[in-house]
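The following note sets out points for a colleague's consideration. The sequence and structure are shown first, and the numbered points follow.

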Amino acid sequence: MNIVLALALGGVIGALLGLLGGGGSILAVPALVYVLGLGIEQAIPMSLLIVGTASAVGVLPKIRAGHVQWRLAAVFSAAGIPATFVGSAIGRHLPQPALLVGFAMVMVLAGIRMLQDNNGTGTACTVGDSGINWRRCAPRSIPAGFLVGLLTGLFGVGGGFLIIPALVLMLGVEMPIAIGTSLLIIVANSVAGVFSHLSGASIDWTIATVFVGTAIVGSLLAGHLGARLDTRRLQHWFAYLVFAVAAFVVVDTVVASL
């Protein structure tokens with residue numbers, strides 16, 4: 001029965017990833033915990049596998065199109081990878097109810113980001129043909145990269161809802177390049193996050209493989225469909241779904257603790 005559920009859930013989350021270009025992975029942990037009945041210590045590394053693999057598939061066309069800023073991705077990853085180990089270490093000392101409530105708060109933050117329409121860019125990191133102005137960019141990108149890595153290790157989220165605004169609004173990166181660069185950063189952080197959790201959790205590799213496989217298929221199929229849909233409106237409705245799931249997580253956790 002769990003295999004069938006994993007097939008269905010993987011397809012749904014993959015479709016959301018394909019339609020929205022991210023964000024859908026925020027439902028991976030709740031789906032694994034509340035639908036498949038896994039403990040959060042198993043759900044987090046499995047979520048990272050799903051997020052990392054889907055992002056790796058999604059970043060390939062971005063690389064071919066030249067929509068990845070490699071040096072900026074390297075700076076974010078260099079700050080984020082150690083932070084994933086810090087986040088997973090903190091998580092091992094927190095009870096499951098605290099992690100679930102914290103994850104619900106991250107979901108609310110992600111939902112708020114999805115409702116915001118920020119089309120402009122902030123202060124540019126590039127100056128003419130001289131490349132990135134690291135004196136201006138490093139003090140912003142290093143803390144942002146560390147925060148994203150911390151959330152990745154702690155809650156098993158990719159952090160694209162934070163990376164893209166940081167790249168666009170704080171660093172002035174154009175949206176197409178921000179999306180491609182974000183996917184590469186998510187891959188690096190997710191790989192580090194999986195390794196940081198391997199010693200403390202046993203992963204059901206059968207369910208993980210089925211989940212990841214159908215997520216990839218759903219993402220690829222939905223990616224073609226997304227060009228014909230009003231993804232902005234869909235993203236707003238998805239944000240409301242995220243708020244509803246976050247409320248359910250909090251209520252269920254509080255009731256179970258009484």
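Which residues does Asn189 touch, not counting residues up to four places away in sequence?

1. The model is predicted, and Asn189 is a convenient place to begin reading it. Not counting residues up to four places away in sequence, Asn189 touches Ser77, Gly80, Ile81, Thr84, Val148, Gly149 and Thr152. Asn189 is found in helix α8, which covers residues 175–198. With a relative accessibility of 1%, Asn189 counts as buried, because the threshold for that class is under 20% relative accessible area.

2. One partner of Asn189 deserves its own entry. Thr152, which Asn189 touches, has its place in helix α6 (residues 134–155). The relative accessible area of Thr152 is 0%, so Thr152 is buried. Leaving aside residues up to four places away in sequence, Thr152 touches Leu48, Thr84, Val157, Gly158, Asn189 and Ser190. Thr84 thus appears among the contacts of Asn189 and among those of Thr152.

3. As to the overall fold, the protein chain has 10 helices and 0 strands. From the N terminus on, its elements run α-α-α-α-α-α-α-α-α-α. Of the contacts between residues at least 6 apart in sequence, 82% join residues at least 24 apart. Buried residues account for 49% of the 258 residues. The accessible surface comes to about 11,700 Å², and 69% of this belongs to carbon and sulfur atoms.

4. The annotation can be set beside the model. In an unreviewed entry, UniProt lists residues 44–60, 72–91, 97–115, 144–171, 177–198, 205–225 and 237–256 under "transmembrane region". In the model, residues 44–60 are 100% helix and 0% strand, with end C-alpha atoms 25 Å apart. Residues 97–115 are likewise 100% helix and 0% strand, and the end C-alpha atoms of this span lie 27 Å apart.

5. Helix α5 permits a check of geometry. This helix comprises 20 residues (residues 96–115), and at 1.5 Å a residue it should span 28 Å; the end C-alpha atoms are 29 Å apart, which agrees. The buried residues in α5 are Leu99, Leu100, Gly102, Phe103, Ala104, Val106, Met107, Ala110, Gly111 and Met114. In general, an α-helix has 3.6 residues a turn, so residues three or four places apart point the same way. The list for α5 includes such spacings, among them Leu99, Phe103, Val106 and Ala110.

6. A nonpolar patch on the surface is formed by Ile81, Phe85, Val191, Phe195, Leu198 and Trp205, with about 580 Å² of accessible area together. Both α4 (70–92) and α8 supply at least two residues of the patch. The largest share, 3 residues, comes from α8. Within the patch, Val191 lies in helix α8 and is partly exposed, with a relative accessible area of 41%. Helix α8 therefore carries both Val191, at 41% and partly exposed, and Asn189, at 1% and buried. Ile81 belongs to the patch and is also one of the residues that Asn189 touches.

7. A last point concerns a pair separated in sequence. Val217 lies in helix α9 (residues 205–226) and counts as partly exposed, at 46% relative accessibility. Val217 and Ala54 are 163 residues apart in sequence, whereas their C-alpha atoms are 9.5 Å apart in space. Ala54 falls within residues 44–60, one of the spans that UniProt lists as "transmembrane region".

Technical notes. Residues numbered from 1 in each chain as written. Predicted model: local features only at pLDDT ≥ 70, side-chain atom pairs only at ≥ 80, totals over all residues. Heavy atoms only, no water. Helix = DSSP H or I, 4+ residues; strand = E, 2+ residues; numbered from the N terminus. Expected span 1.5 Å × (residues − 1). Buried < 20%, exposed > 50% of the residue type's maximum accessible area, 1.4 Å probe, protein only. Contact = heavy atoms within 4.5 Å. UniProt positions renumbered as here; feature names shortened; annotations may be inferred. Areas by Shrake-Rupley, 256 points an atom, 1.4 Å probe, with all protein chains shown as cover. Patch = residues over 30% accessible without salt bridge, like charges linked within 9 Å, V, L, I, M, F, W, Y side chains within 5 Å. Salt bridge = Lys/Arg side-chain N within 4 Å of Asp/Glu carboxyl O.
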